[in-house]
Amino acid sequence: MPHTETTTVRSLPTAGTAARPAAPARPGVRTLPEHSVGDGGAGAHPADGGDWLRFAPVQPLFRAMAAQRLAVLAYHGVTDPRSFGAQLDRLRRLAVPVSLEAVQRAVAERRPLPPRSVLITFDDADRSVLTHALPELTRRGIPAAAFVISELIGTDRPFWWHEAAFLARHGGRARSLCTDQPSQLLPRLKSLPDPDRRRSLQELRVSADRRPPRQEQLAPADLLALRDGRVSIGNHTQGHPCLGRCDTATVRAEITGAHHALTRWLGEPPTAFAYPDGGHDPRAEAVLDELGYRLGFLSDHRLGPRLPGHPLQISRLQVDSATSARRFDTILSGLEPAYRRWRGQSVA
Ligand SMILES: [Zn+2]
């Protein structure tokens, strides 16, 4: 699905966001919300473009330091296969693409990944991962991982954040929401305790004058096709709530429900998880640990160590297929994320 990120650098909520995890277990773990405006990943297009950073004198230094770090790229859908293909070509020149299994092996054997290692991941796994991303990855022999929302698999239901935005645009109302300010709708929904978010969605559904368009999702057979194409399948919960806004029983049910469904479809249990909205939750981590998960991914827009110290809290960089080549380089080097953190801190 198209990513329509329009958030400015100044408004990017690197801390104190509505979707912030309730109790980060590790100091400095901050989250960029997944769908901050429309459906876009938050890392893609701050308003100042940022291409100039590519020419900053510190970029070579950042690039040299980044060679000793692990870059896990977090995409959502792929809207532009050609641009995505160019990014993959760039990665083959600048980096060493690795598989999810290679990261798991490194953790298990306590052996750091090679310098310049990059893992490609996709959150939410809309159909474009199969139709647009997989052919480009396969053509170049690059592995990846996709994190799916289990209750959508095999359905034509839209993502809830798309549905809410559509319903609000078409007369939907809810007691807890101010639908006159579209930019505030999603942050507000994500800030609500999860039962209130669900109730608000239901109120939007019954009050809107149109039904949202259907969205064909991946089917169970598509998950197998992806896996056969070296795209590992991971857990992204059952319904993609903000775990920090859920009670403990719901956190458990969201993870185990998706775990059992994926195990049924794949014939083996998934071993990797991406926190919905990128927010780490210690209760979720405890459930993952119990279920034998080996890797958990954040959306904190950071590089991580080549031997992850916290395998269930692995940092990721947010990109999308429309990210320009110059910007892509500065994200990969860690300069753009550092610049954004600095800007965020300077206006906090
Ligand atoms: Zn997601």
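A residue counts as buried here if 20 or more other C-beta atoms lie within 10 Å of its own. Keep that cut-off in mind for strand β5, where both faces are covered: Val231, Ile233 and Asn235 are buried on one side, and Ser232 and Gly234 are buried on the other. Put as a tally, five of the five residues of β5 are buried. One caution before going on: what you are looking at is a predicted model.

Let's step back for the overall picture. The chain holds 12 helices and nine strands, and of its 348 residues, 51% are buried. Take the contacts between residues at least 6 apart in sequence, and 75% of them turn out to join residues at least 24 apart.

Now back to β5 and its partner. β4 and β5 pair in the parallel sense, over five bridges, and within that pairing Phe147 sits opposite Gly234 in β5. Strand β4 spans residues 144-148, and five of its five residues are buried, so the rest of the structure largely encloses it. Look at the two sides in turn: Ala144, Ala146 and Val148 are buried on one, while Ala145 and Phe147 are buried on the other.

On to the next pairing of β4, this one with strand β3 (residues 117-124). These two are parallel as well, joined over four bridges, and here Thr121 stands opposite Ala145 in β4. Follow β3 along and you'll come to Asp124. Its phi is near 75 degrees, a positive value in a residue other than glycine. That's worth a second look because most residues other than glycine have a negative phi. Is Asp124 buried or exposed? Asp124 has 25 C-beta neighbours inside 10 Å, so it counts as buried.

Arg230 makes a good companion case. Its phi is also positive, at about 70 degrees, and again the residue is not a glycine. You'll find Arg230 in the loop between α8 (220-228) and β5 (231-235). Arg230 has 17 other C-beta atoms within 10 Å, so it is classed as partly exposed.

Next, the nonpolar interior. The largest nonpolar core takes in 69 residues, and the ones with the most contacts inside it are Ala71, Val72, Leu73, Val129 and Ala146. Strand β1 (residues 69-75) supplies the largest share of this core, with six residues. Apart from it lies another core, of 14 residues, with Ala164, Leu167, Leu177 and Leu185 among them.

Two members of the 69-residue core are worth visiting in person. Start with Ala146, which we met on β4. Leaving out neighbours within four places in sequence, Ala146 is in contact with Phe122, Ala125, Val129, Leu226, Val231, Ile233 and Gly234. Val231, Ile233 and Gly234 in that list should look familiar from the two faces of β5.

Then there's Ala71, over in strand β1. It has 29 C-beta neighbours inside 10 Å and therefore counts as buried. Which residues does Ala71 touch, not counting those up to four places away in sequence? They are Ala66, Ala95, Val118, Leu303, Leu317 and Leu332. Take Val118 from that set: Ala71 and Val118 are 47 residues apart along the chain, yet their C-alpha atoms are separated by 4.7 Å.

Now for a pair of helices. Two packed helices are described by the angle between their axes and the distance between the axes. For helix α2 (residues 81-94) and helix α4 (residues 128-140), the angle is about 30 degrees and the axes are 10 Å apart. Their crossing is right-handed. On the α2 side, Pro81, Phe84, Gly85, Leu88 and Arg92 do the meeting; on the α4 side, the residues are His132, Ala133, Glu136, Leu137 and Arg140. Sort that contact by class and you get five nonpolar, two polar and three charged residues.

Last stop: Ala106, in helix α3 (residues 100-109). Ala106 has 20 other C-beta atoms within 10 Å, and so it is buried. Setting aside residues up to four places away in sequence, Ala106 touches Arg111, Pro112, Leu113 and Leu307. You can also trace a link to Arg306, 200 residues away along the chain: the C-alpha atoms of Ala106 and Arg306 are separated by 8.5 Å.

Conventions
Residues numbered from 1 in each chain as written. Predicted model: local features only at pLDDT ≥ 70, side-chain atom pairs only at ≥ 80, totals over all residues. Core = buried A, V, L, I, M, F, W, Y, C linked by C-beta atoms within 7 Å. Buried ≥ 20, exposed ≤ 12 C-beta atoms within 10 Å, placed from the backbone. Contact = placed C-beta atoms within 7 Å. Axes fitted to C-alpha atoms, helices over the stretch in contact; angles between N-to-C directions. Left-handed = near helix turned anticlockwise from the far one by under 90°. Nonpolar A, V, L, I, M, F, W, Y, C, P; charged D, E, K, R; others polar. Pairing = 2+ DSSP bridges.
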